[in-house]
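Subject: Structure handover

Hello,

Here is the structure we talked about. My notes follow below it.

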Amino acid sequence: MKPGFSIHVAKENLKFSAAHFIAYPGFREPLHGHNYQIGVRVEGRLAATGYVLDFGLIKRLTREIADRLDERTIVPALSDCLRIERDGRQVHLRYEDDSFSLPASDVAILPIVHSSAEELARYIWNELYKALADRNALADVIAIEISVAEGPGQAAVYSSEIETK
Ligand code: ZN
């Protein structure tokens, strides 16, 4: 971490409850769930307003991302061992000889390979980055760090600097 200013948000309402299973060729976890907690840290330059970035904006945008995952089963669209088929209002998942069928409205199909906390952290990073970029809110931002905890005291972290264009 470089010296300077950063803001950190890890509020109770940045949680989401979701089901998932990790699957590799030859190994699959049973379907189970977590109460995930998202943490956001933004490193930046102090703007003329005296802020790095509005806490309220970070909380609102992160909450919107969490809401899209809340009470869903997370499906990694880029998995190398899951077959995912959409059939009307159902989504069928096939792993070797096992299969699941879920209502499409109950799943969140994400562009990740595994639904690990690490890959979820990178996914949320990308979503938050896009949402901030859409609002031209990145001018004073140097780096963003996202943590995703599957339980207390056990978090995966993804961080990256913002490329200045
Ligand atoms: Zn799990």
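Is Tyr36 buried or exposed? Tyr36 is buried, because its relative accessibility is 0% and the cut-off for buried is under 20%. Please keep in mind that this is a predicted model.

**Aromatic rings**

Tyr36 has a ring partner. The ring centres of Phe16 and Tyr36 are 4.7 Å apart. Their planes meet at 15°, so the pair counts as stacked. The pair ties together distant parts of the chain. Phe16 belongs to strand S2, residues 15–20. Tyr36 belongs to strand S5, residues 32–44. The two are 20 residues apart. Phe16 is buried as well, because its relative accessible area is 1% and buried means under 20%.

Across the whole structure, the search gives five aromatic pairs. Ring pairs also join Trp125, Tyr129 and Tyr158 into a cluster.

One ring has a charge over it. The charged end of Arg28 sits over the ring of Phe21, at 5.6 Å from the ring centre.

**Zinc site**

Next, the metal. The zinc ion has His20, His32 and His34 as its protein donors. Each of these histidines donates through NE2, and the donors lie 2.0 Å from the zinc ion. Along the chain, the donor spacing reads H-x11-H-x1-H.

How exposed are these donors? His32 has a relative accessible area of 26%, so it is partly exposed: that value falls between the limits of 20% and 50%. His34 has 17% relative accessibility, so it counts as buried.

The strands noted above come back here. Strand S2 covers residues 15–20 and strand S5 covers residues 32–44.

**Cavity**

How many cavities of 30 Å³ or more does the structure hold? It holds one. The largest cavity encloses about 30 Å³ of space. Its lining is made up of Phe21, Ile22, Ala23, Pro76, Ser79, Leu82, Val113, His114 and Ser115. Of these lining residues, six are nonpolar and three are polar. None is charged. Phe21 is thus in two of my notes: it is one of the lining residues, and its ring lies under the charged end of Arg28.

**Val42**

Val42 sits in strand S5. Its relative accessibility is 1%, so Val42 counts as buried. Val42 and Ile124 are 82 residues apart in sequence. In space, they are 14 Å apart, C-alpha to C-alpha.

**Positive phi**

Two glutamates deserve a look at the backbone. Glu71 has a phi near 60°, a positive value in a residue other than glycine. Glu71 lies in the loop between helix H1 (55–69) and strand S6 (72–76). Its relative accessible area is 65%, so Glu71 is exposed.

Glu96 also has a positive phi, near 45°. Glu96 lies in the loop between strand S8 (90–95) and strand S9 (98–103). At 54% relative accessibility, Glu96 counts as exposed, because the limit for exposed is over 50%.

Best wishes

Methods. Residues numbered from 1 in each chain as written. Predicted model: local features only at pLDDT ≥ 70, side-chain atom pairs only at ≥ 80, totals over all residues. Heavy atoms only, no water. Donors = N, O, S within 2.8 Å, 3.2 Å for Na, K, Ca; no water. Buried < 20%, exposed > 50% of the residue type's maximum accessible area, 1.4 Å probe, protein only. 1 Å grid on protein atoms, 1.4 Å probe; cavity = no way out; pocket = protein on both sides within 12 Å on 5 of 7 lines; lining within 4 Å. Points joined across faces, edges and corners; volume = space filled by probe spheres on them. Nonpolar A, V, L, I, M, F, W, Y, C, P; charged D, E, K, R; others polar. Phe/Tyr/Trp six-rings, centres within 6.5 Å; stacked < 30°, edge-to-face > 60°. Helix = DSSP H or I, 4+ residues; strand = E, 2+ residues; numbered from the N terminus. Lys NZ or Arg CZ within 6 Å of the ring centre and 35° of its normal.
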